[in-house]
Amino acid sequence: MTSRRRTGLLVAAVVVLLVIAGVGGYAYARWAGAADEASAGPSRPAAARPTPLAALTTDAPTPGADGLAAALAPALANPDLGVLTGQITDAATGDVLWRRDADVAQTPGSVTKVLTAAAALLVLSPAHRIPTTVVPGAAPGELVLVGGGDPTLTAQPAGEDGYYTDAPRLDDLVEQIVASGIPVRSLLVDDSLFGQPSMAEGWLTVDIAGGSIAPIESVMLDGGRQPPLVDYSPRTATPALDAGRTLAQRLGLDPGTVALGTAPTTAEPIATVWSAPLSVRLHQMMVQSDDVTAETIGREIARAAGKPATFEGTVAAVTDAVSASGIDVSGLVLRDASGLSTEDRIPARLLDDVLTAATGDGDAADELRPLVDDLAVGGGSGTLWDRFVSPSPGAGWVRAKTGTLDFVNALAGIVTDVDGRALTFTLMSTGTPSAVAKPALDAVAVTLRECGCRQ
């Protein structure tokens, strides 16, 4: 996402069928909703339609490394790219067609979420949901709001959407509490599921007010946004307490009396709401580049792997999951799951290998395939709604994850060339501002689309 520091595929006929059936048709159905969310406002151009993956063929002419290098030379000579590392791969064969310092670990920004998404797909079920519960406390009339790790809970009234797709509602908890008939005199909030610290190494506290992040606690309303429906609205520094205070107010209690506490270990829930399935949350995390959901999904991965629900546990679980899939993680240094940390380092080779694995026929291909659907569409959705805008040749053809911090800009995804050949690419630029680096990166991706690049 954007703040002071941040501005924000096939090898055999059977694989093509898998992609079309498992990803391609599904991609368009889900993309349409994401594009609607991302294109509000009169100044936005018409959203590009994503190119159906059925357009990819296994008999398309194979691009050649020399032809590709010659085609790319003018775009790569642009000084606006700053210090550039990258890798481009033929998705059908896994052959690397171009690389520049691809093993050098660079500050990645939000392309880090490619690794988080991959780990989630490898470790968790797409149907996985998170509960938020209310249980009786130890004192008479005391209730405890217990965070299960879902930051998408919304206090928006019935009939009005929260920030997150298919989010659970605070009012549903209220209705269940009232229906239980239990007299309510006080409320505590148990946010003990996540360990400390709540802010990662390399994060800045100004990014809370700047709208990129909130402290990572196990219960929040709309990711801690204030107001709740604005992408980059200021966030609360006390998201769990604020959720409890809002619940208390809905129950007729004094919100000022809400405090942190611990639920009795044997307490049974009297009210429960559930998050949207992981597949829905993962899609919004990637397309909108939402940092809070990246971090909480990271903790889901950590818990599933038997590791602590902390930044350290998350980083270890994500790294282990990607490595266990057969992908070389050497050079990887992570401090978080979102890429907001300035201390993160990822080689371009690693990101491109993940994307190639998602489009190929290796051991992890079936699990990773949805990753393609979770990339923003050039000129059409999420963080690419205003890039590759028609009549750009990349409109609808470029699918990618963006990454942006101050003087750090990255683009990692997939594009189909004019011959129908799928190419994965990872481009990581440092040293130049976003205003010039992004167009320079986009020009490289457009060259890939227009190339053909035969020997």
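In this predicted model, helix H4 (residues 170–180) lies across strands S4 (131–136), S5 and S8, and runs at about 155° to S8. Another helix, H6 (residues 239–250), lies across S4, S5, S6 and S7, with an angle of about 155° to S6. The strands beneath these descriptions belong to an open sheet of five, ordered S7-S6-S5-S4-S8, with mixed pairing. Strand S7 (259–260) and strand S8 (271–274) form the edges; each has a single partner strand, so one side of each is left without a neighbour in the sheet. As helpful background, strands of a sheet pair through backbone hydrogen bonds, either parallel or antiparallel. Strand S5 (residues 142–146) and S6 take the parallel option, over five bridges. Within this pairing, Leu 145 has Val 189 of S6 as its bridge partner.

Attention now turns to the nonpolar interior. The largest nonpolar core contains 44 residues, and those with the most contacts inside it are Leu 115, Ile 301, Leu 350, Val 354 and Leu 371. Several elements give two or more residues to this core, including helix H3 (112–123), helix H8 (291–304), helix H10 (348–359) and strand S12 (408–416). The most comes from H3, which gives seven residues. Val 354 offers a good view of the packing: leaving aside residues up to four places away in sequence, Val 354 touches Val 114, Leu 115, Ala 118, Val 322, Ile 327, Leu 368 and Leu 371. Apart from the largest core lies another, of 26 residues, among them Leu 72, Leu 84, Val 415 and Cys 453.

Aromatic rings add further detail. The count of aromatic pairs comes to two. In one of them, Tyr 163 and Tyr 164 meet edge-to-face, with 4.9 Å from centre to centre and 85° between the planes. Tyr 163 is buried, at a relative accessible area of 11%, and Tyr 164 is also buried, at 5%. The rings of Trp 203 and Phe 311 have centres 5.2 Å apart and planes at 85°, so this pair is edge-to-face too. Because Trp 203 lies in the loop between strand S6 (186–190) and helix H5 (206–210) while Phe 311 lies in helix H9, the pair ties together parts that are 108 residues apart in sequence. Relative accessibility is 8% for Trp 203, which counts as buried, and 7% for Phe 311, which is likewise buried.

Finally, two arginines are found over aromatic rings. The charged end of Arg 299 sits over the ring of Phe 194, 5.3 Å from its centre, while Arg 449 lies over the face of Trp 397, at 3.6 Å from the ring centre.

Terms used. Residues numbered from 1 in each chain as written. Predicted model: local features only at pLDDT ≥ 70, side-chain atom pairs only at ≥ 80, totals over all residues. Heavy atoms only, no water. Core = buried A, V, L, I, M, F, W, Y, C linked by side-chain atoms within 4.5 Å. Buried < 20%, exposed > 50% of the residue type's maximum accessible area, 1.4 Å probe, protein only. Helix = DSSP H or I, 4+ residues; strand = E, 2+ residues; numbered from the N terminus. Contact = heavy atoms within 4.5 Å. Phe/Tyr/Trp six-rings, centres within 6.5 Å; stacked < 30°, edge-to-face > 60°. Lys NZ or Arg CZ within 6 Å of the ring centre and 35° of its normal. Pairing = 2+ DSSP bridges. Axes fitted to C-alpha atoms, helices over the stretch in contact; angles between N-to-C directions.
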